Each structure stands twice: as C-alpha cells, then as structure tokens.
Amino acid sequence: MLFLLGYTYFHHMNYLTSIGRYAIMIKDVFKKPTKWRIMKSLILKEVDELIFGSLGILIFIAFFMGAVVAIQTALNITSELIPKNLVGFATRQSIILEFAPTFCSIIMAGKVGSYITSSIGTMRVTEQIDALEVMGVNALNYLVFPKIIALCLYPFIISIAMYVGIFGGWMAAVFGGFSTSADFIEGVQLDFIPFHVTYAFLKTLVFAFVLATVPSYHGFYMTGGALEVGKASTTSFVWTSVVIIVANYILTQLLLG
Amino acid sequence: MIEVNDIHKSFGDTHILKGVTTSFSKGKTNLIIGQSGSGKTVFLKCLLGLFTPEQGSISYDGKIYSEMTDEEKRNLRQEIGMVFQGSALFDSMTVEGNVKFPLEMFTKQSQSEMQDRADFVLKRVNLVDAHHKYPSEISGGMQKRVAIARAIVMNPKYLFCDEPNSGLDPKTAIVIDNLIQEITEEYDITTVINTHDMNSVMEIGKKILFLKDGLKAWEGTNKEIFKTENETVTDFVYSSDLFKKVRQMYIEERN
Ligand SMILES: Nc1ncnc2c1ncn2[C@@H]1O[C@H](COP(=O)(O)OP(=O)(O)OP(=O)(O)O)[C@@H](O)[C@H]1O
Ligand SMILES: [Mg+2]
C-alpha cells in the first residue's frame, strides 16, 4: 500500500530532497524570530482561523461518529452472554483511541491543510513571500511559526470531540433503544486506563505539528501560478494524510505495543 | 553603489543572463530597458539575492553579496526597498497596514510616529483616501503606488523598482518618475528601475542599461540615447513612428 502510494508520487517528488528540505524548513522556522508584539497578533489570528474555525465541523463529525459506533456495536451483540455495558465501553475506547485523534486529523488535513497550502502558496505565486524576504523578514518564521503555536491548542478541540463523540453514542444508544442510559454510562466508566488518554493526546500533538508543517511546506516551496496552487493543495492533503496515518502506526506501536 | 560582475543565470537549459557586467551609482536613477522576456526581472532578482547567479558577483558598496554572513544579508535587506512588477502587496492587510509593515517589523517607532510616516509616504504617491482599503479593493495603478510607498517608507539606501509605472496613466506615471528621482537625489539612494516606458527613459534615465539576449547591448545616459547610432538601441527605443519622427526632428534641430 505504502509502496503503491510512494510509486504514484515518485514521479512528482524526489523523496530524499523533499525530506531534507522539509527538515531544513523546520530548522529555519525557529530561526530569527519575528518581534513578539507582531507574532502575538499573528498567533491569535491563526488560533481563530485554525482552532475556532474547525470547532464546528469537528463537533458535528464527532457526534455522528460516536452515534454510528454505538449502533454498530449494539447491532453486533447477538449473544446474551455479552454484557450490556459493552456498547458504552466500545464507544469510549474507539472514540478516545482512534476516531477523535486520527479520524478528525484526516478531516483537518483537508480543511486546515488545504487552507494553509493555498494561503501560503498564493503568497508565493504573487511574490508576497519574496517581498517579505527582501525586507529581511524570516518568511518561514513569520508564516509557519504562528500556525505551529496555534495548533498546540489542537488537543483541546480534540478533547471536546471526545466528549461530544461519547455523548453522540449515548444519544444513539439510548434513544435508538439499543441500550439503557445506566448500562451505557457503566460501560463508559468501565476499566478506564488513564494512559489511553495520554496516548491519545500525545498522538494529537504530533498530528498537530504535522498539520501545521506539511501543508506549509507544500505551499512555501511551490512554483507556478494559480493552477499550481490548486494542485499543491491536493498534493498537500494526500501527503498530510499519509504522514498522519504512518505516524499513527508508529506511535501506537511505540506507546501501546 | 552596486557593482555587477559577469553574472550568469539559467533556468534548466535556458540561459537567461549570459554574463552581464555593469555598475549602478549612488544618487542616480539607473534604468534597465529591454524587450519583454529579456531578463530584466531576473536580473533585478539576482541583485536582490532572490535568485542566485551561477557565476559572477554582485557587490553592495564594496561588499560582495555571496560572501556576506546571513546577519549581514539581513541587515542589508533592511536597507533595500523593492517594488515588484506585480506589486506583491500583502492582501491580508489594508493599504495602511502594508505601508506600516516594515516600520512595525524593524523600528521602535510609536504608533503615532508610524502613522505620520505612513501618511507622509502615501501622500507622496498621491494616495490620500485609500488608507483603509484592502489591495483587492483598489485599482492596479493604486496598488503600484502603495507598493512604492511601502518601498520608500524605511528611507532605503537601495531602491529597486520593477516597472513602477506600468499600468499608470501618463500623468501619474510622470508623478511617480519624478518622485523616484526626487527621493533618489534627496537621500542619495542607489536606484535601479526596470522599465518599458520611453518617457521615463528620456526624463530620468541618468544611466540606461539595455539588455538583449541575456547580454548588455548598450549602456549610456538619456542624452546619449538620443544621439546613439547603435541600431539595436534605436530600433528598440524608437520603435514607434512617433518616436522616430521626434528623434529625427531632434537631430535636425541640432545640426
Ligand atoms: N522562475 C523562473 N523559472 C523559469 N524561467 C523563468 C523564471 N523567471 C523567469 N524565467 C524566464 O526568464 C526569461 C526572462 O524573464 P523576465 O521576467 O526577467 O523578463 P522581463 O525582461 O522582466 O520581461 P517583462 O518586461 O515582460 O517583465 C523569460 O523567458 C522567462 O520565461
Ligand atoms: Mg519583468
């Protein structure tokens, strides 16, 4: 699978140079910081755009995801021997471990990722980045750093998504007649392992970094015109998702395996 | 003073600059002319360090650009004003925001000092009622003027303008030309201007560099360009019948 994806993109990218350039980019983002007074307002703007701007869609998705997980689990319980609280338990586990952190991040790769790539890419093609550089501004710090800092709040919206997801599961289970409220809540509280939440937030932080930097990379180093901005956004979405999925696998192996 | 020594620049297999040597002196408006696609923008971007020439050197007041440390390059850049061909205004900021941006970035001025300075430069480019508009809400010519205001707001030592008066009406074009010449002389700036505007060439061309096929085809002053017998120059500069007649009359008058 990875090989296939790699093969598809081999024509467009030379991996090693890209990875090297990405690493250099990250280093340059932290060089020669922009004045704090200006940076502060840039960060606030990005928090508004990237974090609050995504809250609505993530809550919406989390709610229905939780509902579907609860219904699916309930429908698969056919044996009388399986405890009734499994619905709540399964909903909690899948929402906290995977759906909220990973699934939401893939959605974010589309929403936030394409916004970042197209806004930075447009600045590249209209020479606004050159204008910054000519003035002596570190354009990478100016453009990418505030996004990284803003997305440090990403775990915060993911925790909201977790609550909403479990709540969606409860609604679907109780009002769909699949479980009683008491059973569901008992399941949600069953065998709770705090490290799972730590694991989920660690993942989320890594994904946040990926969400801020991979799309920035695709925007910053693009060439061409308006058409290429569109193409860069698509490529950026694909790569951001791929990196998130691979990082998810590696982190799960490292932290839970 | 900027000295350019034998610079070459290619993109892939296409050789754009094939060894250009020249110098631009202080307090003078230096013009670069040449056909569309002849490499004027590429040349200017090489001077600015946005493109790195494969060969040759560029020095600013005796210091070779490629040998400067990152710190020195940054300091140099704060002394440079640049007007891009497409204006390159920050479209997330208002006109005023664009003009104040370099001040906010690099000076310790108070809000009111910045406001005064921004008002002053915007007035100099004849823009008085667009302070709070966004670049997408103003005309191309107005964008050009904002770009010029932004380039001169820091009192640069070096000013680069890529076609500063393309897209402007003749009257505003002359205002802009005069403005550039005025501030160049007033603040002893080393100014380099790419242009297609023959009016600018005649009016403010204290030094003119004619690029053709990636090479320097001719170099001289606006007085000399009237007299030159160099055919590549006369063909290009006096390509319209009107200009041919004007030149003819000028020569006859002198004889
Ligand atoms: N980034 C780039 N990549 C590849 N080729 C380029 C690039 N920039 C410019 N060129 C090529 O270099 C040549 C010179 O372009 P340049 O923009 O310098 O022309 P110009 O003299 O400024 O023209 P105009 O008067 O129309 O602005 C063109 O043939 C162009 O295709
Ligand atoms: Mg040009």
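This is a short guided tour of a predicted model, with suggestions for what to select at each stop.

**Before you start.** Residues are numbered from 1 along each chain as its sequence is written, while chains are lettered from A and ligands numbered from 1 in the order in which they are written. In this predicted model local features need pLDDT of at least 70 and side-chain atom pairs count only at pLDDT 80 or more, although totals for chains, interfaces and linings use all residues; side-chain values use heavy atoms, with hydrogens and water left out.

**Stop 1: chain A.** Select chain A and show it as a cartoon. You will find 10 helices and 0 strands; helices (H or I, at least four residues) and strands (E, at least two) are DSSP runs, numbered from the N terminus. Along the principal axes, the C-alpha atoms of chain A fill a box of roughly 70 × 45 × 35 Å.

**Stop 2: where chain A meets chain B.** Now add chain B. Here 20 residues of chain A are in contact with 28 residues of chain B, contact meaning heavy atoms within 4.5 Å. About 1,900 Å² is buried between the two chains, and carbon and sulfur atoms give 61% of that area. Buried area is the accessible area (1.4 Å probe) that two parts lose on being put together, summed over both.

Next, select B:K45 and A:D130. They form a salt bridge, with their closest N and O atoms 3.9 Å apart; the term covers a side-chain nitrogen of Lys or Arg within 4 Å of a carboxyl oxygen of Asp or Glu. The count between chain A and chain B is 2 salt bridges.

Then colour α3 (36-76) and α5 (128-135) of chain A, the elements that give two or more residues to the side touching chain B. The largest share of that side, 7 residues, comes from α5(A).

**Stop 3: ligand 1.** Centre the view on ligand 1. Around it are 14 residues, of which B:S36, B:K40, B:T41, B:Q85 and B:H196 come nearest; to be near, a residue needs a heavy atom within 4 Å. Helix α1 (residues 40-48) of chain B gives the largest share of this shell, 3 residues.

Which distances can you check here? Try these:

- B:G39: a polar backbone atom is 3.0 Å from an oxygen atom of ligand 1.
- B:V42: a backbone N or O atom lies 2.9 Å from an oxygen atom of ligand 1.
- B:E163: a polar side-chain atom lies 3.1 Å from an oxygen atom of ligand 1.

Methods. Polar contact = N/O pair within 3.5 Å; in protein donor to acceptor, adjacent residues only side chain to side chain.
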